[in-house]
Amino acid sequence: MKAWSKDMGSEDNDKRTSAGYVKRADSLLTYLADPNGFLTKALDMTITHEGPTHKLGPNRCKRFAALYEDGVCKALEVSASEDDPAGDDDPSASCVENMLTHC
């Protein structure tokens, strides 16, 4: 994530806080870290399919993207299907190109 952020020009380690996010003043993106899974559980985004949990371990987060404006969820996209519960084969639903259609 850090390397990707740097490539995308949105890395700013000086603004990292103990809340686990990174945000640049001139960026529309906020990266969240959820090391204890509290947000994952609150959003009901825990992967429960045995395939990914067998490979990655329990309490892993689904591949998703959310668009919030003024604290209101405007869009929530999850990259997963019955055949691809981790969204590895087709992550397009949670990719930036799709999320921009909601703006």
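**Exercise 1. State where Glu82 lies and to which surface feature it contributes.**

Solution. Glu82 lies in the loop between β4 and α4. The next step is its accessibility in this predicted model: Glu82 has a relative accessible area of 78%. Exposed residues are those with over 50%, and Glu82 is therefore classed as exposed. The final step concerns its partners. Together with Asp83, Asp89 and Asp90, Glu82 forms a negative surface patch.

**Exercise 2. Identify the salt bridge of the structure and determine which parts of the chain the pair ties together.**

Solution. A search of the whole structure finds one salt bridge. Its members are Asp88 and Arg63, whose closest N and O atoms are 2.4 Å apart. The criterion requires a side-chain nitrogen of Lys or Arg within 4 Å of a carboxyl oxygen of Asp or Glu, and the 2.4 Å separation of this pair satisfies it. Next, the two residues are placed on the chain. Arg63 belongs to the loop between α3 (50–56) and β3 (64–69), whereas Asp88 belongs to the loop between β4 (72–78) and α4 (96–99), so the salt bridge ties together parts that are 25 residues apart in sequence. As for accessibility, Asp88 is exposed at 51% relative accessible area, while Arg63 is partly exposed at 34%. In general, side chains of opposite charge can pair when their charged atoms come close.

**Exercise 3. Decide whether Thr46 is buried or exposed, and list the residues it touches.**

Solution. Thr46 is found in the loop between α2 (38–42) and α3. Its relative accessibility is 18%. Buried residues are those under 20%, and Thr46 therefore counts as buried. Setting aside residues up to four places away in sequence, Thr46 touches Thr40, Lys41, Asn59, Arg60 and Lys62.

**Exercise 4. Describe the chain as a whole: its elements, its burial, its contacts and its exposed area.**

Solution. Begin with the secondary structure, which comprises four helices and four strands. Read from the N terminus, the order of elements is α-β-β-α-α-β-β-α. Turn then to burial: the chain has 103 residues, of which 23% count as buried. For the contacts, consider those with a separation of 6 or more; residues 24 or more positions apart account for 25% of them. Finally, the chain exposes about 7800 Å², and carbon and sulfur atoms supply 52% of this area.

Methods:
Residues numbered from 1 in each chain as written. Predicted model: local features only at pLDDT ≥ 70, side-chain atom pairs only at ≥ 80, totals over all residues. Heavy atoms only, no water. Helix = DSSP H or I, 4+ residues; strand = E, 2+ residues; numbered from the N terminus. Buried < 20%, exposed > 50% of the residue type's maximum accessible area, 1.4 Å probe, protein only. Contact = heavy atoms within 4.5 Å. Areas by Shrake-Rupley, 256 points an atom, 1.4 Å probe, with all protein chains shown as cover. Patch = residues over 30% accessible without salt bridge, like charges linked within 9 Å, V, L, I, M, F, W, Y side chains within 5 Å. Lys, Arg positive; Asp, Glu negative; His and termini not counted. Charge placed at Lys NZ, Arg CZ, Asp CG, Glu CD.
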